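This report introduces a structure to a reader who has not met it before. The sequence and the model are shown below.

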Amino acid sequence: MSDLFQELQRLRKTLDTGNMLDLVCCFPTHMGDALERGGDFARVVERQTVGRIVVCGMGGSAIGGDMVNSCLGDGLGVPLRVNRDYRVPASWAEESFFVFSSYSGNTAETLSAYESLRGTGAAAAAITSGGKLQSLCEQDGVPVCSIPGGMPPRAAIAYSFFPLLCILDALGVASLDGLDFDGTQERLLQLSEIYGSDATQNTAADLAGKLSGHHPVVYSGGGLLDPVARRWSCQFNENSEVFSHYGAFPELAHNEIVGWRKANALAASIYVVSLEDGDDHPGAKRQADAALEMIEPLAAGLARIPGFEGGRLERILSAMMLGDFTSVYLAFLNGVDPTPVKNIDLLKKRLG
């Protein structure tokens, strides 16, 4: 057993009180259950003409919408918008199908968005494990896809991702025919075994070792993996308790690159992770190559993660899984229990 993995195993015994590593390992199993629940729920969703899909959610419940949007790409027949706010923009209220996604069912912003549409006759569905959202939907006759509770929302990403795919298919705005669910699940099971073991190709453990003591900045090529970069950053925030930031080419080449102009203490504390995909636009690839060459001498380090193989579903979820494992291992190296989110709990307490 390598010294790094032996240290991670030792730290896990005292730090991982909520078994976050097990939850990350279980994503392929969650995938199967989430697909089954989503498929069953889709039978009550009526095919209809809609001009827009609006996913109302926050945190781990919202990122599923971003990832579905990216995964489907041109295969999505209407725009999909993720609404992370207390209110729904007035221009979205008409001709939209709303999906209220709240793992707990008690997310204040999602409940507020729901309340703002009550009585309008807006077409909607919900994905939740219960709480006030489920109660309101039952009162109003809004169909609910019931998902299992008891997990941190960020660990339940399968349940905000796959049921939404099934809803879009049932509405007739997307087709799931081109998505290789069986092959993807098999590959994710393989990755889970690799990242959870002392395998020589355990990229997650190795990357966590490089990131230890630094602030991760996660970049993407602005295509398929754009929401994955966001997911990585959020996982570093919540699981690892570190400041993290994400950005995407080509946009960051028009602004953020200037912030890397000179060597300084801040730049030297940053470790850049570049998530790359084979379908990234050639222009974005050229920008990334040139910009990362400029950034590397100023930063603490640079890790370029080459694109995964397979279809869009397999690639986006494989990249996500690598980030999830890395964030938990980084938590251990930081001496942090990856499950509690004390500042979020404190903020909620202050807000009453």
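Which residue follows α13, and what is the sign of its phi? The residue is G335, and its phi is positive, near 70 degrees. The model described here is a predicted one.

## The sheet

Five strands form an open sheet in the order β2-β1-β3-β4-β5, and their pairing is parallel. The edges are occupied by β2 (80-83) and β5 (144-146); each has a single partner strand, so one side of each is left without a neighbour in the sheet. On average, neighbouring strands of this sheet are turned by 20 degrees against each other, direction ignored.

Within the sheet, strand β3 (residues 96-102) and strand β4 (residues 123-128) run parallel and are joined by six bridges. One bridge involves F97, whose partner in β4 is A123. As a general point, strands of a sheet pair through backbone hydrogen bonds, in either a parallel or an antiparallel manner.

## Helices on the sheet

Helix α7 (residues 157-171) packs on the sheet and touches β1, β2, β3, β4 and β5. The direction of α7 makes about 160 degrees with that of β3.

Helix α5 (residues 108-117) lies across β1 (52-56), β2 and β3. Relative to β3, helix α5 runs at about 150 degrees.

## Helix α13

Helix α13 spans residues 312-333, a total of 22 residues. From its first C-alpha to its last it reaches 32 Å, close to the 32 Å expected at 1.5 Å a residue.

This helix is mostly covered, with 20 of the 22 residues of α13 buried.

How values were computed
Residues are numbered from 1 along each chain as its sequence is written. This is a predicted model: local features need pLDDT of at least 70, side-chain atom pairs count only at pLDDT 80 or more; totals for chains, interfaces and linings use all residues. Side-chain values use heavy atoms; hydrogens and water are left out. Two strands pair if DSSP finds at least two bridges between them. Helices (H or I, at least four residues) and strands (E, at least two) are DSSP runs, numbered from the N terminus. Axes are lines fitted to C-alpha atoms, for helices over the stretch in contact, and angles run from 0 to 180 degrees between N-to-C directions. Contact means heavy atoms within 4.5 Å. The expected span of a helix is 1.5 Å times one less than its number of residues. Buried means under 20% relative accessible area, exposed over 50%, partly exposed in between (1.4 Å probe, protein chains only).
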